[in-house]
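Dear colleague,

I am passing on to you the structure shown below, together with some notes on what turned up in it. Please look through the notes with the structure open beside them.

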Amino acid sequence: MHRAGFCFFCLLSLQIGFAQQVRYDYLLRHARIVDGSGAGWFTGAVAIAGDRIAAVGLLPSHTANAVIDVAGLTLTPGFIDTHSHSRQAIFEVPSAENLIRQGITTLIEGPDGSSPIPLKPFLTKLGATKIGINFGAMAGHGSIRSAVMGSKNRVATAAELEQMRVLMAQAMRDGAFGLSTGLFYVPGNYAPTEEVIELARVAGEMGGIHTSHMRDEAAEILASVRETIRIGEEGKLPTQITHHKVMGGPNWGRSVETLKLVEEARARGVDVTIDQYPYTASSTGIAALMPQWALADGPAAVKERLGAPETRARIKAVIADRIATDRGAGDPKNIQIANCSWDASLAGKTLADITAARGVAVTIDNAADTAMDLVGKGGCSAIYHAINEADVERILRYPHTMIASDGGVIVFGAGVPHPRNYGTFARVLARYVRERKTIPLEEAIRKMTSLPGGRFHIYDRGLLRPGMKADLVVFDPASVRDAAEFGKPHQYAEGFAHVFVNGRPVLKDGKMTGERPGRVLLGPGVGH
Ligand SMILES: [Zn+2]
């Protein structure tokens, strides 16, 4: 009688006012509801009709085709992950199981300056694929720059800048939510701030937001925060410091100053926010140890520099310094390989292990040589244990910080990736809400739902209200936890009972249902 997407009796009841007789598709009752707004929990029920929330309240005499008693469990809006690396793996794992199992129902792709350009063919392909999660995308500055001028280490000409503006506007019309930058990475790192501001203006005029993987997250972090704020201020658009962290022992504690800069900017009217993942280790390429000038002009040029003794010595000095004071946090043991496409056996080993295997002493200098060898052979992804938990908690407590994973859809068992891919949202609930009581549950849920939803102009998700899309999560607050560990990451988060996406159950009683009701979400520039 009921077809997905349509609830005849809901419409009927609205028209004739017989709320008592309403029959819904799903009714989740006896829940402890945390509605995403930050308000305190309350007991109640949520009714779903088609792809929307039809009613929230006690709903004592409502019925549904399926009634699910969730007594003792917490019911919240689906989590929105605004920094996700998922555009390859979503086609291999369209269920997005590792994300669904930690409550994520919507993701935003294209972070760190990297996205498909043009965006349209990708979104079309995605739209033709049945996926289990809602999926939106940013336009990457690095990808736009690369399409126009490759990985050249120079300022763009006026004509090149104009080409970039055109590509930016097209990406917004195609459905991007805004401009992401990766000013730490090739080729974004070769762009002056002024270039980014030009593209930010285009994105902002079409309703978009800017997110920044900043130029530096260690010694130069304050300058980087100022630059991110400036892009928002002069680009006239909302700006966001993504995966905010402070890397390297000498810099620990400086989140006091970074948050102060953000507060001062907000006080004068700059719309700046933060997102964060709850770990004391980051993950990116092993090339992140290299000086940026050494990475220009493609792999052949990099290899040539590594082979020229004088240049190699200059590179080595920078890497040694980064192991000592930046992302190595003083010890090659703190750098762990996640995946090398050319040698699977290196996954999980540390830079100390690989240096020792060369038959030399594990010194910072020798580890720098090891790192250069890895880069020369094609590079690897790596995990860097170089963040202090006091900074993590200080940033987490800040009201304008949302949770985002910097992870993404994962092929189960492949490589040794950062556990954030499996555990980010569960870890906040387990470690920082339940165990350390860093923030209350309601605040954590707000940071996962209405804060990112509103920030990215996704106004029909992120709150439990009648009329909103029915993305729901039901979990046990006493047992929810991230099971993924460094070195042993392929373990799903635990404690999640049910997850609904667009009104359909994708996780039911802890089991994947096989349904894939996810949708491609389009940003605010469509139709411009
Ligand atoms: Zn990043």
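Before the loops are named, it helps to know that helices (H or I, at least four residues) and strands (E, at least two) are DSSP runs, numbered from the N terminus. With that in hand, proline 118 can be placed in the loop between β7 and α4. Please keep in mind throughout that this is a predicted model.

The loop that holds proline 118 is also a good place to begin with the metal, since aspartate 112 lies in that loop, between β7 (104-109) and α4 (120-127). The zinc ion has as its protein donors Asp112, which is listed twice through OD, His213 through ND1 and His243 through NE2, at 2.0 to 2.7 Å from the ion. Along the sequence, the spacing of these donor residues reads D-x100-H-x29-H. Histidine 243 is in the loop between β12 (239-241) and α9 (255-267), so together with aspartate 112 it ties together parts that are 131 residues apart in sequence. Aspartate 112 and histidine 243 are both buried. The angles among the four donor atoms run from 52 to 146°, and the site is irregular; a tetrahedral site would need all angles to lie between 85 and 135 degrees.

Returning to proline 118, the peptide bond that joins isoleucine 117 to this residue is cis, with omega about 0°. Isoleucine 117 is also one of the residues in contact with serine 143, along with Gly113, Ser114 and Ser115, when neighbours of serine 143 within four places in sequence are left aside. Serine 143 itself belongs to helix α5 and counts as buried, because its relative accessibility is 16% and the cut-off for buried is under 20%.

Helix α5 (residues 141-149) packs against helix α7 (residues 193-205), with an angle of about 105° and with the axes 11 Å apart. That angle makes α5 roughly perpendicular to α7. On the α5 side the contact is made by His141, Ile144 and Arg145, while α7 contributes Glu195, Val196 and Leu199. The loop between β10 (178-182) and α7 holds proline 187, and the peptide bond from valine 186 to proline 187 is cis, with omega near 0°.

How many disulfides does a search of the whole structure find? The search finds one, formed by cysteine 340 and cysteine 380, whose sulfur atoms are 2.2 Å apart. The link is right-handed, with 95° about the S-S bond. It joins distant parts of the chain, 40 residues apart, with cysteine 340 in the loop between β15 (335-339) and α12 (351-357) and cysteine 380 in the loop between α13 (364-376) and β16 (381-385). Cysteine 340 counts as buried at 2% relative accessibility, and cysteine 380 counts as buried at 8%.

Two further residues deserve a look for their backbone angles. Most residues other than glycine have a negative phi. Histidine 457, however, has a positive phi near 60°; this residue is in the loop between α17 (450-455) and β18 (472-475) and counts as partly exposed at 37% relative accessibility. Asparagine 502, which is not a glycine either, has a positive phi of about 50°, and it is found in the loop between β19 (496-501) and β20 (504-508). With a relative accessible area of 3%, asparagine 502 is buried.

With kind regards

Terms used:
Residues numbered from 1 in each chain as written. Predicted model: local features only at pLDDT ≥ 70, side-chain atom pairs only at ≥ 80, totals over all residues. Heavy atoms only, no water. Donors = N, O, S within 2.8 Å, 3.2 Å for Na, K, Ca; no water. Tetrahedral: all angles 85-135°; square planar, octahedral: opposite > 155°, others 65-115°. Buried < 20%, exposed > 50% of the residue type's maximum accessible area, 1.4 Å probe, protein only. Disulfide = S-S within 2.5 Å. Axes fitted to C-alpha atoms, helices over the stretch in contact; angles between N-to-C directions. Parallel < 35°, antiparallel > 145°, perpendicular 65-115°, else oblique. Contact = heavy atoms within 4.5 Å.
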